[in-house]
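Here is a walk through one protein, written for someone meeting it for the first time. Have a look at the picture, then read on.

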Amino acid sequence: MNARTGRRSGGSTETTDRARRVAALVVLAVLVVGGIALAQTDHAGIAVTVPAHRPVDGPEVADARASSAAWYCAEGTSTADGRATETVIIGNLEPHAIDVETTVMPGGTESPVTERTRLEAYEQRRVEVARILRAAEPGVVVETFGGRAIVEHEITSQDDVAVGPCERAAARTWLFAEGSTERGAEDWLSLFNPFGTDAIVDVSFLTDVGVQTPDTVQALVVPRRSRVSVAVHDLTRRQLQVGIAVHARIGRIVAERSARFDGSDTRKGIALAQGATGGAPRWRFPVGDAMEGAAQSVSIANFTPGTAEVEVRLLLPEDRRVPPDTVAVPGNSVRRVDVGGKVAAGNGYAVDVRSKHGTPIVAGAFGAWATPAPVTAVATTSGIATSARQWAFALGRLTEDGDGIVSAVNVGPEPITVQIYAYTAGDPNSPASAPAEAVPPGERAVFSLGERGISPDRVIVVSADGPIVVGREIVVPGASIASGVPFPAGATVPGTASP
């Protein structure tokens, strides 16, 4: 009797096992061929908006019952001549210490390097990737043990900076709406495979002149524990708008996109954006900046074969309503809508993008600042397709001289109250909170962290007694816009009972 299988040993069993192995190989071959054929079908039609196993627009704070959680940071470099110097920012969301392992995967034959550390209650920790390992193509994995945390990363280039959350999971499909390869622009797509087997992906581009599928990014191998950077500006030259669809034939990856502008057309700086793992009929942008010298647009990508009729509505205080725009986005195309030019200078706003007939779309935003704005910078951000009652940031602003603006939009049908909490490292009695603000349906609560004296080393949580979407704008140094990271339904952080 075989102790592992419960089957009797003997010559007939050996023959049967051989037959089973042959059959298994035949089935495997059929599955591989079928999988490749399916991937090619998806690629040919570009319609790869498959349902996601999590919210399609970004990561989520781990469940309080989880003993550990992993975060994946795809973009950034850690060499002196790299395009975007990367720093990982980790915020402990617990009133007790947690353990953290930060692993940098350089790819190739070089082994990953791990740094282990302990974060005190509510501590924020900045980890320079180059200090752990200098690599041209670093992929970073942050694992937390013993409690919840939030992980963001910062990339810098010259005088500008971009900050945004890392991802919580890999996926087969990643979709991006916002991007450009015009003169003076570099557009980078980072594909990170943190797993022990190779991934094979196809990349397609939606451009002003149609769908482009360069041979060099079809059946592209992303080796195990490696990152591959795709220079989109070399593959789709001089395009005003470029949407991207990434689909893995084999394996799963994490994808992120960045942009650099050299100032040739007044736009200068670096930007960072997450991808979506599927389409959704509605996307929101809680942060809109209409200061003097600022411009903002929204790009809408339709990865399905049919036309999507999309309404773009600006959310302003009741006495400053602006008529919505309606735009037809043909199948397998991307359209850009100016939003900042419709708002009087000095006013903030939010944007609501809705597909009228439920067609799944993907939306992203682009912002640029130039004289007379206090900074010269660019920023991109993905829209938000989900809502929650609590959202977190690993940081609110970068320097004592700069500011961070946190905006929360009430997306429910009833008035709510919204409150912001700032945690002090090592203080289990945190957080210090600002007074709650009453917010009517469809309007925003706006918190200036500089005006409230909330220092850059504080972890931030925004809490409400109804559904909200939350974003952050960082100004000086540079400028950056990003969404917050939501908590799972019903989850809370100590000291942040609903207002």
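Let's start at one spot: F261 sits opposite G269, a residue of β17. The model you are looking at is predicted, so keep that in mind as we go.

**Around strand β16**

That pair belongs to a bigger arrangement, in which β16 and strand β17 (residues 268-274) run antiparallel and share seven bridges. The two strands make a hairpin with five residues between them, and in the turn G263 has a positive phi of about 95°. β16 also pairs with strand β10 (residues 185-193), again in the antiparallel sense, this time over eight bridges. There, E186 stands opposite R260 of β16. How many of the residues of strand β16 are buried? Seven of the nine residues in β16 (residues 254-262) are, so the strand is largely enclosed by the rest of the structure.

**Another hairpin, β32 and β33**

Further along the chain, strand β32 (residues 459-475) and β33 are antiparallel and joined by five bridges. One of the matched pairs here is E473 with I481 of β33. Three residues lie between the strands of this hairpin, where V476 takes a positive phi near 65°. Strand β33 (residues 479-483) is mostly covered, with five of its five residues buried. A479, I481 and S483 point one way from the strand, S480 and A482 point the other way, and all of them are buried.

Here are the antiparallel pairings side by side, including one from the sheet described next.

| Strands | Bridges |
|---|---|
| β10 (residues 185-193) and β16 | eight bridges |
| β16 and β17 (residues 268-274) | seven bridges |
| β3 (residues 98-105) and β6 (residues 139-145) | seven bridges |
| β32 (residues 459-475) and β33 | five bridges |

**An open sheet of four strands**

Four strands line up in the order β1-β6-β3-β4 to form an open sheet with antiparallel pairing. β1 (68-73) and β4 (113-119) are the edge strands, each with a single partner, so one side of each has no neighbour in the sheet. From one strand to the next, the twist averages 20°. Within the sheet, T103 stands opposite V141 in β6.

**The disulfide**

Searching the whole structure turns up one disulfide. It links C73 and C166, whose sulfur atoms are 2.1 Å apart. The link is right-handed, with 100° about the S-S bond. Which parts does the pair tie together? C73 lies in strand β1 and C166 in the loop between β8 (160-165) and β9 (173-176), so the bond connects parts that are 93 residues apart in sequence. C73 is buried, with a relative accessible area of 0%, and C166 is buried too, at 1%.

**The cores**

The largest nonpolar core has 38 residues, and V88, I90, L93, V142, V151 and F487 have the most contacts inside it. Setting aside neighbours within four places in sequence, F487 is in contact with residues including E60, L93, R148, W391 and V493. There is also a second, separate core of 33 residues, with A245, A280, V329 and V343 among them.

**Stepping back**

Now for the whole protein: three helices and 34 strands. Of its 499 residues, 56% are buried. Among contacts between residues at least 6 apart in sequence, 80% join residues at least 24 apart. The accessible surface comes to about 19600 Å², and 51% of that belongs to carbon and sulfur atoms.

Methods: Residues are numbered from 1 along each chain as its sequence is written. This is a predicted model: local features need pLDDT of at least 70, side-chain atom pairs count only at pLDDT 80 or more; totals for chains, interfaces and linings use all residues. Side-chain values use heavy atoms; hydrogens and water are left out. A nonpolar core is a set of buried Ala, Val, Leu, Ile, Met, Phe, Trp, Tyr and Cys residues joined through side-chain atoms within 4.5 Å. Buried means under 20% relative accessible area, exposed over 50%, partly exposed in between (1.4 Å probe, protein chains only). Contact means heavy atoms within 4.5 Å. Two strands pair if DSSP finds at least two bridges between them. Axes are lines fitted to C-alpha atoms, for helices over the stretch in contact, and angles run from 0 to 180 degrees between N-to-C directions. Accessible areas come from the Shrake-Rupley method with a 1.4 Å probe; for residues, only the protein chains shown count as cover. A disulfide is a pair of cysteine sulfur atoms within 2.5 Å.
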